[in-house]
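This briefing goes through one protein chain by topic, from its cysteines and overall make-up to its core, its charged pairs and its surface. Please keep the sequence and the structure at hand while reading.

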Amino acid sequence: MISSGLSIDSPKISVVLCSFNCEKYIAEQLESIGAQSRKPYEIIISDDGSSDKTLAVIQDAVKNFDFTTNVYVNDVRRGVVSNFGSALSRCSGDYIALSDHDDIWEENKLETVATAIEERKSDVPTLYHADPLIIGSHGKVNSGSFMSESRITYPQPGEEWARLAFANYIPGCTMIFDAKMLPAVLPFPGQTIMHDWWIALIFSLAGNVSRLPHHLMRYRLHDSNTMGVNTVSRSFNLGKSVGFSSVAVSNLAASLSQAHSARQRLDQLGLAYPDALTDLLRLPDLSWWQRPWRLLRCHASRGNPFRFASTVYASLVLDKEIYNRGSFDYR
């Protein structure tokens, strides 16, 4: 572990960055974090056993940071979800900002969110996010943003949880959220599809999700992205290669399993969530012809007509026995 410096602001914002073999891009991202107009309270960097020059680049980039810097290196590969879970458990700030290793933050990102937090003055734990601009591997801004490239519309206020039950529209790298919700977030259960999806789902059910009308960062697309932008064409090509029915059913089953785990976690902590979640989770118990109506009644959607149609189709053919056995591959 490497440590240095200290700076204190209120609310204190911890930055969590997870790295793995990213020597090509991480210096630029760390530079953008170090140049923030409002400095982080701390940055937690968790490297998942990089075999390239990533650690050397990190050490050089953070040596002049004027805030607390902690760098950890995993003894064994954890994978993205577990690595973020470990890093989150080490945070001591009031709010947590997640960071990928290959993006670029605008210099006012933390200041803009901190201002929103102070203006909101709410006791409800809130997750803040904004739609990032898309850049290519060389850093040039493309024509659109994450949401426009995905062709996804935002859900109506109060219906965020119904969208997040089936699809994540909030990339983790855009999130800054209240650390008071960490007992509900951690540990990530085995049914977690991705760490950012799980976090957003928990906040949408038992806290609040607030979208800011700014482009606070640039989201880099390149050949090594873990997730990238899930465009309609990408989904269509995946369906052609492995089978539309297989993908749709597996995605629906995995989403319901993750949502079921979220309800269990909130029940354990005595946190309230929308009653409609319970109705939605009864979907596999319904007759096939009742399932589309349950989806509609709960305002369930994946953000555009193509994705919603695939979910409706999957609900018709979802096998209850297979669902009860669990273990699904979301694609």
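How many disulfides does the structure hold? The structure holds zero disulfides, and in particular Cys91 takes part in none, since the nearest cysteine sulfur, that of Cys18, is 9.5 Å away, whereas a disulfide needs the two sulfur atoms within 2.5 Å. The model discussed here is a predicted one, and every value below is computed from it.

**Cysteines**

- Cys91 has a relative accessible area of 16%, and it counts as buried because this value is under 20%.
- Cys173 is likewise classed as buried, with a relative accessibility of 1%.

**Overall make-up**

- The protein contains 14 helices and 12 strands, and of its 331 residues 55% count as buried.
- Among contacts with a separation of 6 or more, 80% are made by residues that stand 24 or more positions apart.
- The accessible surface of the protein amounts to about 14800 Å², and carbon and sulfur atoms account for 50% of that area.

**Nonpolar core**

- The largest nonpolar core is made up of 94 residues, and those with the most contacts inside it are Val16, Leu88, Phe177, Val185 and Ile199.
- Val185, one of these core residues, touches Trp198, Ile199, Ile202, Phe203 and Arg265 when residues up to four places away in sequence are not counted.

**Helix H4 and its surroundings**

- Ala116 is placed in helix H4, which covers residues 109–120, and with a relative accessible area of 15% Ala116 is buried.
- Once residues up to four places away in sequence are set aside, Ala116 touches Tyr128 and Leu212.
- For the pair Ala116 and Tyr128, the separation is 12 residues in sequence and 8.6 Å in space, taken from C-alpha to C-alpha.

**Salt bridges**

- Side chains of opposite charge can pair when their charged atoms come close.
- Across the whole structure, a search finds nine salt bridges.
- One of them joins Asp178 to Lys180, with the closest N and O atoms 2.8 Å apart.
- Which partner in this pair is buried and which is exposed? Asp178 is buried, because its relative accessible area of 2% lies under 20%, whereas Lys180 is exposed, because its relative accessible area of 56% lies over 50%.
- Asp279, Arg282 and Arg297 are linked in a network of salt bridges, in which the side chains of Asp279 and Arg282 meet at 3.5 Å, N to O.
- Arg297 also forms a salt bridge with Asp279, and here the closest N and O atoms are 3.7 Å apart.
- This pair links distant parts of the chain, with Arg297 in helix H12 and Asp279 in helix H11 (residues 275–281), 18 residues apart.
- Within the network, Asp279 counts as partly exposed at 23% relative accessibility, Arg282 is partly exposed with a relative accessible area of 44%, and Arg297 counts as exposed at 53%.

**Nonpolar surface patch**

- A nonpolar patch of about 790 Å² on the surface is made by Trp288, Trp289, Trp293, Leu296, Tyr313, Leu316 and Val317.
- The elements that give two or more residues to this patch are helix H12 (291–297) and helix H13 (305–317), and the largest share, three residues, comes from H13.
- Tyr313, a patch residue, is found in helix H13, and with a relative accessible area of 38% Tyr313 is partly exposed.

**A buried residue of helix H13**

- Is Ser315, which lies in helix H13, buried or exposed? Ser315 is buried, because its relative accessible area of 0% is under 20%.
- Leaving aside neighbours within four places in sequence, Ser315 is in contact with Leu252, Leu283, Arg291, Pro292 and Leu295.
- Helix H13 therefore holds both the partly exposed Tyr313, at 38% relative accessible area, and the buried Ser315, at 0%.

Methods:
Residues numbered from 1 in each chain as written. Predicted model: local features only at pLDDT ≥ 70, side-chain atom pairs only at ≥ 80, totals over all residues. Heavy atoms only, no water. Patch = residues over 30% accessible without salt bridge, like charges linked within 9 Å, V, L, I, M, F, W, Y side chains within 5 Å. Areas by Shrake-Rupley, 256 points an atom, 1.4 Å probe, with all protein chains shown as cover. Salt bridge = Lys/Arg side-chain N within 4 Å of Asp/Glu carboxyl O. Helix = DSSP H or I, 4+ residues; strand = E, 2+ residues; numbered from the N terminus. Buried < 20%, exposed > 50% of the residue type's maximum accessible area, 1.4 Å probe, protein only. Core = buried A, V, L, I, M, F, W, Y, C linked by side-chain atoms within 4.5 Å. Contact = heavy atoms within 4.5 Å.
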